Each structure stands twice: as structure tokens, then as C-alpha cells.
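Colleague: Got a minute to go through this model with me? I have a few quick questions.
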Amino acid sequence: MRPSFFHHLHPPTIPAKQSRWRYTLGAGGTAVFLMLVLGATGILEMFYYVPTPDQAAQSIQIISYLAPFGGLVRNIHFWAAQLLLIVTAVHLVRVVFTGSYAPPRRFNYLLGLALFIFAIMLDFTGYILRWDQGIQWALIVGTNLIKTIPLIGNSLYIVLTGGIQPGLPTLIRFYAWHIFGLTLGAIILMVWHAFRVRRDGGIAVPPPHLRTDKKRIHRNELIQREVLAMLLTSAALILLAAFIHAPIAQPITDINIMYGDARAPWFFLWVQQMLKWGDPFVWGVLVPLIILVVLALIPYIFPKPAEAEVGKWFPRSNRLAQIVLAVIAFLIIVLTIFGSLPSS
Amino acid sequence: MKRLIALGSAILLFAIVAAWWTNSRQLKPIVLIPTLTGKPEYCLTCHSDLPAISPSHPIKTFGCVICHGGEALALDANLAHSTMRGGANPSDLSVVQGSCGGTNCHSGLAADNNNHIQRVMTSVQSTYAGAITNILYTFGAQSDLTARFGIRVVTDNQITTSTGVPSLEAFDPTTVSNPFILKFAVNCLFCHINAQPGGIVPPERNAPGMTPGAQPLLGPQFDRLTGCAACHTPNVDSFPQGQIHKLTTDIPYTQCNTCHNRGNYDLQKMTFLQRTDQPQLTDRLQNYYQPIAQFTKCEYELDCIDCHTRTEAMGDGDIHSNEADIQYIRCRTCHGTPTQLPLTKTLTDPNDIAFRQAQLNQVVNLQLGDTILVTDKGEPMWNTRVLPNGIYRLVGKATGQVFTFKPVMGSACTQNGFDQSSAYCHTCHSVQR
């Protein structure tokens with residue numbers, strides 16, 4: 001068969017062992033697919049969404065209830081965004097737990113981590129675009145956290161919100177970041193990340209002389225697996241979208257009066273839980289930043305994965321990095337669970 | 001692998017079919033663009049079976065949202081209803097200004113007699129100032145009978161009568177030490193048109209230091225809504241569940257009875273003695289207002305609104321200290337005295353308010369040149385007519401029933417003409433039960 005453009009995006013052959021689903025978990029590829037879904041559904045939503053405080057929530061009602069298949073499109077966009085965070089987190093965990101960040105892939109690990117941060121910011125800005133009472137608490141608290149940063153906090157707040165309190169400039173800025181700034185950055189990073197995967201020698205495997213299993217599969221096989229993953233992901237998205245609707249709430253009537261549930265979006269519940277412990281700068285800004293720095297330094301400060309152990313789960317050589325990530329992940333999950341419990 | 005892809009495709013196909021199915025099960029939106037707002041609303045998607053609320057509020061002109069609020073575009077019941085004014089009753093006095101107000105609507109100019117909301121908000125029916133004042137005075141908590149407190153804070157910037165007071169503070173039962181006044185506070189603060197009959201215990205009942213008192217009276221004979229709908233949505237029990245959607249000026253006596261026929265006060269014990277014989281009584285005479293009251297035929301044959309004017313019922317825009325300051329319909333209003341015929345007026349102005357009022361009930365065909373009775377304050381009793389033979393005719397506003405009656409003048413009545421108290425006239429003119 002004459003290779004198509006899509007075939008050419010893949011290496012001609014890849015190691016059979018490392019191309020198994022149980023090894024990759026399909027997370028990286030699924031994340032790319034979810035980004036494509038998000039782009040397509042996001043464009044459709046842009047035809048209806050009005051980024052002004054007095055019309056945003058109503059335009060989302062129009063999308064949800066009145067535009068043909070609008071509710072389905074919005075629900076798919078919502079679920080793809082939630083799954084994207086889970087899938088990218090799984091991807092990060094897989095890379096650390098298989099030692100795949102070992103040189104020469106250290107820089108690409110950082111690109112991947114940056115993409116993860118972009119995904120979180122895209123999720124948060126998209127969440128804020130609802131501009132209804134369901135997001136009001138997170139908007140106020142999230143932007144106020146910026147103010148707690150010493151020296152630059154207040155200026156940064158004004159840069160972010162465009163005023164002394166969230167309003168029209170804030171929504172326009174979040175919208176611009178969501179559909180343009182962050183999306184463009186994410187596309188560049190994604191292409192760069194994928195390019196570096198190829199440039200760094202494809203999926204992480206031990207050097208040829210240390211490989212125990214030298215079997216390779218053709219890219220046609222890989223593409224078929226990707227097609228299967230896309231089919232199943234699409235089916236999951238559509239089913240989720242059809243039966244569990246994206247959150248929606250009544251419009252904000254006064255930005256200074258808080259209504260309803262004072263709760264962060266689920267991916268920031270762990271931060272919200274920490275905010276209960278004291279100083280908002282320490283727990284809301286500094287600790288998350290330290291966690292990010294620790295994650296970024298994983299390829300640089302912890303014992304490196306041994307060459308022979310690359311490309312399999314839980315190598316002994318980088319156990320410390322695995323433990324650090326496991327502890328961070330465990331704490332975040334526990335805090336998220338506590339944060340999601342009904343407040344007493 | 002190809003089998004797996006075929007299976008994956010089948011699963012995706014199933015998902016698409018399922019999504020199509022759920023999408024097709026969604027409600028087909030029914031849009032309405034009321035002429036007054038020009039903005040689309042989709043309430044009729046679910047509520048197309050509701051009857052129009054009144055001929056004065058046609059759905060195509062008003063729509064739903066202008067009165068009820070709510071999310072006009074949402075097709076999810078919870079979201080759509082989340083921002084409704086006053087829940088199911090936008091006329092509750094806590095939200096009435098937003099729902100029924102506006103200079104083109106019911107908070108219009110006093111000069112045009114359109115300031116209904118201001119009048120209701122200041123009326124004794126909603127302030128309960130009369131009872132509060134009398135109790136405070138009786139038990140020495142204030143030195144005169146001028147109202148200082150109401151159920152809530154009320155102010156009036158434009159006093160037009162000699163008995164009007166500028167403002168009332170909210171009566172706070174938690175500051176009361178006198179046991180009688182405290183008992184009054186516990187037992188009696190339900191007695192105003194914005195009190196919810198049954199079910200909801202208002203916050204003042206749960207104030208710290210308060211002992212739980214009598215609950216609001218329950219029973220179909222007491223069922224009514226709050227705010228404007230307390231009077232203008234009669235017989236709430238007659239509607240199917242969730243279908244109470246009617247405003248009318250045809251208010252039968254039974255609606256007034258939901259408040260004014262519940263029993264009697266025991267001022268010694270400061271308690272309310274509920275009638276125990278209701279609602280079995282279907283005979284109007286048996287059912288008549290106040291078991292110990294003296295009354296005459298017209299008081300149980302007519303509906304209350306046939307004589308009592310809207311100013312009496314809804315207030316005149318001033319805050320009054322007592323019911324007596326605002327209730328001025330007397331026997332002589334219709335019957336006159338031995339020396340004086342009742343006041344009358346011949347309608348010569350096509351813009352006379354009598355025509356507007358007559359249009360609302362449409363039980364009489366009022367014409368220019370007709371002579372009608374008027375109250376001491378000049379209010380038209382538009383449902384009456386002075387007939388050429390000197391006899392008067394009254395048409396029931398809620399029933400359309402026709403009554404004729406004669407003036408006292410020229411009759412054998414020996415009243416002095418000045419005493420219009422209930423006991424005086426009822427000495428001769430009372431009905432035995």
C-alpha cells in the first residue's frame with residue numbers, strides 16, 4: 001500500500017514490546033486525539049458563544065438547549081477536556097514509571113510537562129468562560145490568589161483580569177487565552193513534542209545491544225491500533241456526552257455576591273483543600289509551584305534509569321523518582337477526594 | 001486487529017445511535033417573543049398547557065419572564081426555574097416590585113390611581129400596623145395610638161391624608177419583655193397578606209429566646225397565596241396541582257374569608273380561637289364572618305368587594321395606624337340617612353376611572369351619562385346605578401347577581417343619621433342565625 005500522509009507521520013517500524021497498549025496505555029496518542037476533538041468542537045461552539053459577562057451564560061444556554069446538537073457538541077467538548085487532563089496525567093505517570101525520560105528525552109519530558117500545564121490552563125480558562133454562578137467562586141479565589149504573590153501579585157492580577165475585579169476585560173482575556181494564546185501554544189508544543197519523540201529515536205527502548213526482544217511492528221499495525229483507540233475514545237466521549245451533561249448554572253448577577261457551591265473545578269480541588277490550611281500564597285501558589293519544579297527536575301536530580309531498564313515498567317534504577325511521583329500523585333488524589341466531600 | 005476495528009466501529013456506531021436517540025428525546029423548543037420584551041423565551045416548551053393568567057396580561061404581549069423572571073433560554077427545569085422571582089409566586093411582596101412594578105405597570109403614578117404596589121406595601125393589610133400598635137399601646141409599650149412598627153420597614157415619602165405616618169420600623173419580637181406582647185408576637189404575626197398560610201414558619205418565629213407558638217392555621221379554608229395573589233388568585237385549591245395561574249378582580253367573599261373568617265381573638269389570653277366548624281359549612285349564612293358578629297343581609301349576600309372599594313382593601317398609599325383610618329364604607333354610603341340621599345355622580349368624562357374599573361370585571365355595561373353612587377372620598381362605586389325611579393341597583397362584581405335597594409330617606413327608619421357604628425344600625429337590621 002502506498003503510504004499516505006498519516007502513515008508518514010509514523011516511523012516505518014517500532015519496537016513490538018514498547019508499542020503494546022499495556023506499556024504505553026495509549027495515553028499520548030489519545031491526548032493528541034482529544035486535542036483534535038477539542039479543536040473541532042471548540043470551533044463549533046465559537047459560532048454561538050458570546051464572550052461578554054451579560055451574555056456568556058445565556059449563549060451557553062443557547063448552545064446547550066437550542067442550537068441543533070449544540071448540547072451534544074458542548075458535552076463532548078467538556079468531556080474531552082476532562083479526559084485530556086486524566087490522559088495527560090496518566091501519560092506523565094507512565095513516562096516516569098517506565099523511566100522513559102532518560103537522556104536524550106529529558107528535554108522532551110519538559111515539553112510534555114509544559115503541555116500538561118497548558119492543558120490545565122486550557123481547562124481552567126474554558127471553565128471560566130461559562131461565566132455563571134457555578135464558576136464564580138473559582139474565578140474570584142483563583143484570581144485573588146495571584147494577588148498574594150509578593151511584589152508582582154497586584155500587577156499580575158491587573159494583567160490577568162484587566163481591572164480591579166473580574167468583569168468584561170477578564171472574560172475577554174480568558175477567552176483570548178483559551179481560544180488563541182493557550183491553544184496556539186499547545187499546538188506548537190504538541191508538534192514540537194511529537195517531533196522530539198521522533199528526533200529522540202521514537203519510543204524509549206534500551207540501546208540495540210541491550211534489547212532482549214528485538215521484534216518490531218510495521219507502522220500499518222500501529223495505525224490500526226491508533227484507529228481502534230480513536231474509535232473507542234470517540235465512543236466513550238459520545239456516550240458520556242449523551243448521558244452526562246456538562247455543568248451549567250444560572251448567570252452571575254453580581255460578581256461581588258457569592259451564590260451556590262463554593263467549590264473549585266475538580267482538578268483544583270486539591271489546591272482548594274490546601275487553602276484551608278492557612279496562608280493562601282504558601283498553599284495556593286508556592287506549594288503547587290514547588291510540586292511543578294520537583295516534577296520538572298525529575299530527569300535531572302534523581303538517579304537516572306539504567307539504559308537496560310528503559311522501556312519497561314518500574315525499573316529499579318529510578319525507583320526514587322517513581323516514589324516521589326507516586327507520593328505527589330497520592331497526596332493530590334487524597335486531597336482531591338477530601339475536597340470533593342460535601343462541606344460540613 | 002481488523003476484527004477489533006470492526007468491533008470498535010460497531011461500538012462507535014452504537015454510541016452515535018444512542019446519542020441521536022437521547023438528542024431526539026429532548027424537548028422540541030417552543031419559542032415565544034413577547035411584544036413587550038422582544039426577547040425570545042422558551043417557557044412554553046413545558047408550560048404550553050397553562051391558561052393565560054388574565055385577559056389583561058395576554059401571553060403574546062407579556063410572555064412569562066417579564067413577571068416570573070427565570071432563565072428564558074434554559075430547557076432544563078432546574079436551571080430555568082432557578083432565577084424565578086418569588087418561586088412560583090412573583091407577586092410575593094418581597095419581589096413584587098420587580099415582577100409587577102414599573103411605571104407602565106402597577107407602580108405607576110398615584111394621580112392615575114396606578115400606584116398599586118406602593119398602596120399595598122403601605123396598607124394595614126400588609127403592615128399589620130393596626131394590631132401591633134393597639135397591642136403596644138394597650139400594654140403600655142407606647143404612649144399613643146400612632147403606628148411606629150410594622151411587619152417590615154415601610155416608608156412613605158408622600159403623605160396625603162391626615163392619618164398618614166411617614167414610616168414604620170420592623171417590629172422585632174426578640175426585644176419584647178412584656179409577656180402579653182411576647183405572646184402576641186408568637187401567636188399573631190401571621191396575620192398579614194404576605195404571611196404564608198401553613199407550612200413555612202417565618203424566621204421571626206425562630207428568633208433566639210422565642211418559645212414556639214401556634215403554627216399558621218392549616219386547612220383548605222385558609223389556603224391562599226401571598227402578595228397580590230393573596231387576594232387576586234382566589235380559590236387556589238380549585239386548581240390542579242401546579243396550575244394555579246390566574247389573576248382576577250372577581251374576588252369572591254371566600255377569598256376574603258381565608259383571613260377574615262378564621263375565628264376570634266381572645267385578648268385576655270392573647271390567643272386566637274380558631275373556628276372549629278369549618279370547612280364543613282357550605283351555607284353562606286352559617287359560614288358568615290365572625291361567629292359572634294352582628295350582621296345584616298347585605299353583609300352575607302354580597303361579596304365583600306361589592307361594597308368595600310379597592311382603596312379600602314389595598315390602601316390609599318399612606319401608612320395608617322389603624323384599619324379604621326382607611327375603612328370608610330358605611331351603611332349610609334349606599335343607603336344615605338333619613339335626611340340625605342347617598343352621594344351620587346353622573347359620569348360625563350369618558351376617562352373616568354369608573355370605566356376602567358368596570359372594564360376589569362365586566363359585569364355592568366357602564367355608559368356615559370349613567371349616575372352611580374360614590375363614596376365620601378369620591379371613589380366611584382361603578383357597579384351601582386341610580387335608576388330613574390329613585391331605586392338603586394347593585395351588580396355583584398364576582399357573581400353578576402343583581403340587587404336593588406332603596407334609600408333610607410322616605411322610609412320608616414328612625415336612625416339619627418350620624419351614628420354609623422355597626423352596633424347602632426344592627427340594633428334593628430340584623431339577621432338571626
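Colleague: How much of chain B is buried?

Modeller: Of the 433 residues in chain B, 43% are buried. Keep in mind that this is a predicted model.

Colleague: Noted. How many helices and strands does chain B have?

Modeller: Chain B has 18 helices and 11 strands. Its C-alpha atoms fill a box of roughly 110 × 60 × 45 Å along the principal axes.

Colleague: And what share of the contacts in chain B is between residues 24 or more positions apart?

Modeller: That share is 54%, counting contacts with a separation of 6 or more.

Colleague: Switching to Arg224(B). Where does it sit?

Modeller: Arg224(B) is in the loop between α10 (179-188) and α11 (229-232) of chain B.

Colleague: Which side chain of opposite charge is nearest to Arg224(B)?

Modeller: That would be Asp92(B), at 7.9 Å. Arg224(B) is buried and has no salt bridge. The cut-off for a salt bridge is 4 Å between a side-chain nitrogen and a carboxyl oxygen, so Asp92(B) at 7.9 Å doesn't qualify as a partner.

Colleague: Then what does the side chain of Arg224(B) reach?

Modeller: Backbone oxygens. The side chain reaches the one of Ile193(B) at 3.2 Å, and the backbone oxygen of Ala195(B) lies 2.9 Å from a polar atom of the Arg224(B) side chain.

Colleague: OK, on to the interface. How many residues does each chain put into the contact?

Modeller: Chain A gives 24 residues and chain B gives 27 residues. The area buried between chain A and chain B is about 2,200 Å², with 77% of it from carbon and sulfur atoms.

Colleague: Which elements of chain A give two or more residues to that side?

Modeller: Those are α4 (56-66) and α10 (219-243) of chain A. The largest share comes from α10(A), with 13 residues.

Colleague: How do the residues on that side of chain A divide by type?

Modeller: On the side of chain A that touches chain B there are 17 nonpolar, five polar and two charged residues.

Colleague: How many salt bridges are there between chain A and chain B?

Modeller: Zero. There are two residue pairs in polar contact across the interface, both at pLDDT 80 or more.

Colleague: And how many salt bridges over all chains?

Modeller: Eight, over all chains. One of them joins Arg225(A) and Glu221(A), at 3.2 Å from N to O.

Colleague: Where are those two residues?

Modeller: Both Arg225(A) and Glu221(A) lie in helix α10 of chain A, four residues apart, which is about one turn of the helix.

Colleague: Why do Arg225(A) and Glu221(A) count as partly exposed?

Modeller: Because their relative accessible areas are 26% for Arg225(A) and 25% for Glu221(A). Buried would need a value under 20%.

Colleague: Got a salt bridge in chain B to show me as well?

Modeller: Yes, Asp144(B) and Arg148(B) meet in one at 3.0 Å, N to O. Asp144(B) is partly exposed at 28% relative accessibility, and Arg148(B) is partly exposed at 32%.

Colleague: What about Asp132(A), which residue does it bridge to?

Modeller: Asp132(A) forms a salt bridge with Arg130(A), and the closest N and O atoms are 3.1 Å apart. Asp132(A) counts as buried at 2% relative accessibility, and Arg130(A) is buried too, at 9%.

Colleague: Next, Gly134(A). Where does that one lie?

Modeller: Gly134(A) is in the loop between α6 (106-129) and α7 (136-147) of chain A. At 24% relative accessibility, Gly134(A) counts as partly exposed.

Colleague: Which residues does Gly134(A) touch?

Modeller: Leaving out residues up to four places away in sequence, Gly134(A) touches Tyr127(A) and Ala249(A). The C-alpha atoms of Gly134(A) and Ser100(A) are separated by 40 Å, with the two positions 34 residues apart along the chain.

Colleague: Last one: is Gln322(A) buried or exposed?

Modeller: Gln322(A) is buried, because its relative accessible area is 6%. Gln322(A) is found in helix α13 (residues 319-340) of chain A.

Colleague: What does the side chain of Gln322(A) reach?

Modeller: The backbone oxygen of Pro315(A), at 2.7 Å. Not counting residues up to four places away in sequence, Gln322(A) touches Val96(A), Phe97(A), Phe314(A) and Pro315(A).

Notes:
Residues numbered from 1 in each chain as written. Chains lettered and ligands numbered in written order. Predicted model: local features only at pLDDT ≥ 70, side-chain atom pairs only at ≥ 80, totals over all residues. Heavy atoms only, no water. Contact = heavy atoms within 4.5 Å. Buried area = accessible area lost by both parts, 1.4 Å probe. Polar contact = N/O pair within 3.5 Å; in protein donor to acceptor, adjacent residues only side chain to side chain. Nonpolar A, V, L, I, M, F, W, Y, C, P; charged D, E, K, R; others polar. Buried < 20%, exposed > 50% of the residue type's maximum accessible area, 1.4 Å probe, protein only. Lys, Arg positive; Asp, Glu negative; His and termini not counted.
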